[in-house]
Amino acid sequence: MTVKAMTAKEVARKVIENQPLFILDVRNGDAFADWKIEGGNIQYLNTPYFDLLDGVEEVVSELPKDRDILVVCAKEGSSVMVAEMLDEEGVDAAYLEGGMKAWSEHLEPVKVGDLKNGGELYQFVRIGKGCLSYMAISDGEAAIIDATRMTDIFLDFAQEKGAKIKHVFDTHLHADHISGGRQIAEATGATYYLPPADAEEVVFDYAELVNGLEVAIGDAKIEIEALYSPGHTIGSTSFIVDDQYLMTGDILFIDSIGRPDLAGLAEDWVGDLRESLYSRYAELADELVVLPAHFMIMDELNEDGSVAKKLGDLFKENHGLNIEDEQEFRDMVTKNLPPQPNAYQDIRKTNMGKITPDEEVQREMEIGPNRCAVR
């Protein structure tokens with residue numbers, strides 16, 4: 001018996017294009033409640049696999065006949081078995097190839113816009129994890145910002161575009177996902193940049209990402225100038241691309257702001273966070289398009305799947321940018337924090353180069369939703 005697989009890429013297109021989909025998630029209830037495939041036109045039924053061992057007859061009546069059905073589990077195996085059982089009952093259902101692990105790792109490239117002199121800027125949407133990475137391409141050269149550990153997609157994409165990767169940046173030392181920046185730099189001979197204030201414990205060589213640094217990429221130019229923006233981490237650094245785009249890292253998101261506690265220093269860093277958001281960013285042009293390193297909810301995606309919005313609009317609409325009382329702001333970002341990311345301490349150590357977990361352990365470390373924001 002053979003049932004059909006649906007890839008994470010196919011599911012991502014359904015989510016971005018708002019296509020109807022029904023998901024039978026056979027993970028345990030707590031795993032489903034913590035993290036699931038989200039989308040505006042998705043319907044769900046969560047029935048743990050162990051409740052279906054004796055048959056799927058009870059759930060068949062709850063499945064729709066007017067939309068695709070996808071069975072989802074953690075790694076794939078259980079969903080294949082349930083899809084086969086449904087097939088025996090005359091129900092056409094696919095399973096998610098690779099399970100939620102594959103969903104967590106899928107990256108969807110989306111063109112954000114054109115740069116001056118013929119360059120292009122792409123956003124890589126890690127739709128299952130909420131991570132956002134970037135590639136600026138101009139005149140046969142490329143720079144990558146906040147790369148994930150799935151390095152092949154960046155290497156392959158640059159090759160497809162005929163571009164040599166020259167520079168790789170991390171806006172800060174990440175705590176909720178493992179960076180692929182250093183590995184990409186090693187594979188391509190590119191320069192790897194990291195804010196020095198975040199790099200005091202790293203065990204590898206890097207170039208300092210500091211105020212006033214200007215890096216040319218072909219005919220375009222990435223400018224990192226007067227945009228030291230601490231608060232999420234002490235070294236968090238934003239920068240402007242081509243006088244059009246503001247890379248905010250994990251300081252400012254579309255519908256939320258960054259949390260200051262992932263190094264255990266929330267009370268110390270909350271003042272820096274407010275100054276970065278309310279003073280440094282307030283001095284920038286309203287027309288700059290904000291490109292963050294994460295998104296928190298699916299509503300932050302635009303119709304084309306990108307996550308981007310003008311800075312002026314965020315100052316009007318983002319609650320985190322409109323709290324006049326400083327104590328109220330302090331309370332929001334120190335007392336209203338979501339759960340900390342899974343294995344965030346080991347993720348930080350991995351990004352420092354202190355530990356080198358194997359690929360399967362890295363997958364397990366990253367399982368779960370993005371938790372870098374407060375709102």
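**Notebook: salt bridges and cores**

I looked up K111 and found a relative accessibility of 36%, which counts as partly exposed (between 20% and 50%; buried is under 20%, exposed over 50%; 1.4 Å probe, protein chains only). The model is predicted, so local features need pLDDT of at least 70 and side-chain atom pairs pLDDT 80 or more, while totals for chains, interfaces and linings use all residues. Residues are numbered from 1 along each chain as its sequence is written, and side-chain values use heavy atoms, without hydrogens and water.

K111 forms a salt bridge with E120 at 3.2 Å, N to O (cut-off: a side-chain nitrogen of Lys or Arg within 4 Å of a carboxyl oxygen of Asp or Glu). E120 is also partly exposed, at 21%.

I then searched the whole structure and got 22 salt bridges. One of them joins D68 and K14, with the closest N and O atoms 2.8 Å apart. D68 is in strand β4 (residues 68-72) and K14 in helix α1, so the pair ties together parts 54 residues apart in sequence (DSSP runs: helices H or I, at least four residues; strands E, at least two; numbered from the N terminus). D68 is partly exposed at 38%; K14 is buried at 13%.

Next I checked the largest nonpolar core, which has 68 residues (buried Ala, Val, Leu, Ile, Met, Phe, Trp, Tyr and Cys joined through side-chain atoms within 4.5 Å). Helix α1 (residues 8-16) gives the most to this core, five residues. Domain 1 (5-102) and domain 2 (108-374) both contribute, so the core lies between them (bounds from an automatic or database domain assignment).
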